[in-house]
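Could you walk me through this protein in my viewer, one selection at a time? I am new to it and would like to know what to click on and what I will find there.

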Amino acid sequence: MTATAQPAHVILNVNVLDVGIAPGAWTLDDVPAGAFVDAGHFVQAARTAERGTLDALFLADGPALREDPRHKPGRALEPGVILSAVAAETEYLGLIGTLSTTFNDPVELAERLLSLDHASGGRLGWNVVTTYSPAAAGNFGLTEMPDRDARYRRAEEFVEVVRALWDSALDGGVVHHHGEHFDVEWGLRTPPSAQGYPLFVQAGGSPAGRILAGRSAHAVFSAELTAAAAIRHYRHVKSVAREAGRDPGEVKILPGLTTIIGSTEAEALQRFQTLFRSVDEGPERIRLEATLGVPLDSLDFDRPLPEAVLAGPPDPSTFSASLGFRESIVELARERDLTLRELIRELHGGAGHRAVIGTPEDVADTIEDWFRRGAADGFNLMPDAFPSGLTTFVDEVVPILRRRGLFRHEYTDSTLRERFGLPVPAPAAVRV
């Protein structure tokens, strides 16, 4: 693959956010009440994804409650448990799990993830996050979260150590690392997997996160609401990779894509109104308030966001929410001059990802347009509700993408690294 080439096909992962990204997903008749603690729920989603020849199942996660359980129960199972269950019940589907560099140990995590990658036949990816939720700090005995710069310094060194440990599994070497955060004299006992070791995935959208992604990641889960912003992000991360001496084609940019699908536009809109009818109040409004970093009650809902809000948080290093989500939302508000009320409705629950409300053809059109314009190498799909939203995508959108020559008809490779067009790592010549 050349430095400027895109994948031969669109990459499509499915992000299984409990029973769906829609606030009202829990109200549907086909959603069991205990799905968030049922490994079988995730296995069912994985089987549907594999039937549609999707690339991977993606698990977002954090070491704290993401949602107020009075409004929406959040997943309570550890991601490794879910991915292990999915690995045992699938043959080709990739497995991408989110684990924090702030609240884990690199030696233990490296061995745990390589073990799962080995057991799954080389289908694993690690989504590297630094964790920004203040609630997580208290769960680990901290009175406050380390600031953004400190978290990313630790993350860079953490990834460096994990990569060296995985390299040590290839040739039986020992890692000699003495840095700011970690002292390691160790070699992994776990054998390499069919793909060598797991892929690095990165989901941070801050400036530091994009630098980390360009230097280290094989795939980037980005948050973009407009094609123009997505193109700028795509080019920036690829340029960082090039400056780091990497082939930019080995960094896949995968924005999130929320799908609300109906057989007609009217049917899709009705589904949206059913599942997202409370987006201007309750937990979704609270989430947007946290993302912007300002109390919404202090703003006029029928006027565009004031410049003081659009300009950004006063101190990005101490801002406790996602800078990537904030930037995505601000870009949309600027581009379309939206009032706050219009912005809340447009965000479908406060998320910073593109959403398509329409027919299967509408969804396929967006995927093709962003792919061909160089805004994305693929997408992390976020169906409105499981299982119905994913089933509709597999049964009705995937065939359209296949007819257009944008997606595979069958799996032709067994590892996630092969599917992403990445070389198998060779034993490292130099240890960190």
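Where is the place of threonine 415? Select threonine 415 and you will land in the loop between helix 14 (388-403) and helix 15. Keep in mind during the tour that this is a predicted model.

**First stop: threonine 415**

Show the side chains here. Those of threonine 415 and glutamate 418 are joined by a polar contact of 3.0 Å. Now look further along the chain: setting aside residues up to four places away in sequence, threonine 415 touches Gly121, Gly122, Ala194 and Gln195. Is threonine 415 buried or exposed? Its relative accessibility is 4%, so threonine 415 counts as buried.

**Second stop: leucine 422**

Next, select leucine 422, in the segment after helix 15 (416-419). Leucine 422 has a relative accessible area of 7%, which means that this residue is buried. Which residues is leucine 422 in contact with, leaving aside its neighbours within four places in sequence? They are Leu199, His218, Glu250 and Arg417. Add valine 251 to your selection too: its C-alpha atom is separated from that of leucine 422 by 9.1 Å, although their positions lie 171 residues apart along the chain.

**Zooming out**

Time to pull back and see the whole protein. You can colour 15 helices and 11 strands. The protein has 432 residues, and 57% of them count as buried. Its accessible surface is about 17200 Å², with 52% belonging to carbon and sulfur atoms. Take the contacts between residues at least 6 apart in sequence: 77% of these join residues at least 24 apart.

**Third stop: strand 8 and its partners**

Now select residues 219-222, which form strand 8. Ala219 and Phe221 point one way, Val220 and Ser222 point the other way, and all of them are buried. In a regular strand, side chains alternate between the two faces of the sheet.

Which strands pair with strand 8? Strand 7 (residues 199-202) pairs with strand 8 in the parallel sense over 2 bridges. To see a bridge there, pick glutamine 202, whose bridge partner in strand 8 is valine 220. Strand 9 (residues 252-261) also runs parallel to strand 8, and 4 bridges join the two. Here you can pick phenylalanine 221, whose bridge partner in strand 9 is leucine 254. Follow the chain from strand 8 and you pass through helix 7 (residues 227-243) on the way to strand 9, in a right-handed β-α-β crossover.

**Fourth stop: the nonpolar cores**

How many residues has the largest nonpolar core? This core has 67 residues, and those with the most contacts inside it are Leu12, Leu54, Trp126, Trp166, Ile367, Phe393 and Leu401. Highlight helix 5 (residues 148-171) as well, since you will be looking at the largest share of this core, 8 residues.

Tryptophan 126 is a good one to centre on. Not counting residues up to four places away in sequence, tryptophan 126 touches a list of residues including Leu99, Leu113, Phe158, Val162, Trp166 and Phe200. Apart from the largest core lies another, of 27 residues, among them Ile21, Ala25, Ala219 and Phe276.

**Fifth stop: a hairpin**

Select strand 5 (residues 175-178) and strand 6 (residues 183-186), which run antiparallel and are joined by 4 bridges. A hairpin of 4 residues connects strand 5 to strand 6. Valine 175 has tryptophan 186 as its bridge partner in strand 6. The side chains of strand 5 alternate: Val175 and His177 point to one face and are buried, while His176 and His178 point to the other and are not.

**Last stop: three backbone details**

Go to phenylalanine 386 and proline 387, which are joined by a cis peptide bond with omega of about 5 degrees. Proline 387 sits in the loop between strand 11 (378-383) and helix 14.

Then select aspartate 18, in the loop between strand 1 (11-15) and helix 1 (39-51). Its phi is near 55 degrees, a positive value in a residue other than glycine. Aspartate 18 is buried, with a relative accessible area of 1%.

Finish at aspartate 337, in the loop between helix 11 (323-336) and helix 12 (340-346). Phi of aspartate 337 is positive as well, near 50 degrees. Aspartate 337 is exposed, because its relative accessible area is 52%.

Conventions:
Residues are numbered from 1 along each chain as its sequence is written. This is a predicted model: local features need pLDDT of at least 70, side-chain atom pairs count only at pLDDT 80 or more; totals for chains, interfaces and linings use all residues. Side-chain values use heavy atoms; hydrogens and water are left out. Buried means under 20% relative accessible area, exposed over 50%, partly exposed in between (1.4 Å probe, protein chains only). Contact means heavy atoms within 4.5 Å. Accessible areas come from the Shrake-Rupley method with a 1.4 Å probe; for residues, only the protein chains shown count as cover. Two strands pair if DSSP finds at least two bridges between them. A crossover is right-handed if, with the strands pointing away from the viewer, the path from the first strand over the helix to the second runs clockwise. A nonpolar core is a set of buried Ala, Val, Leu, Ile, Met, Phe, Trp, Tyr and Cys residues joined through side-chain atoms within 4.5 Å. A polar contact is a pair of N or O atoms within 3.5 Å; within protein, one must be able to donate a hydrogen and the other to accept it, and residues adjacent in sequence count only if both atoms are side-chain atoms.
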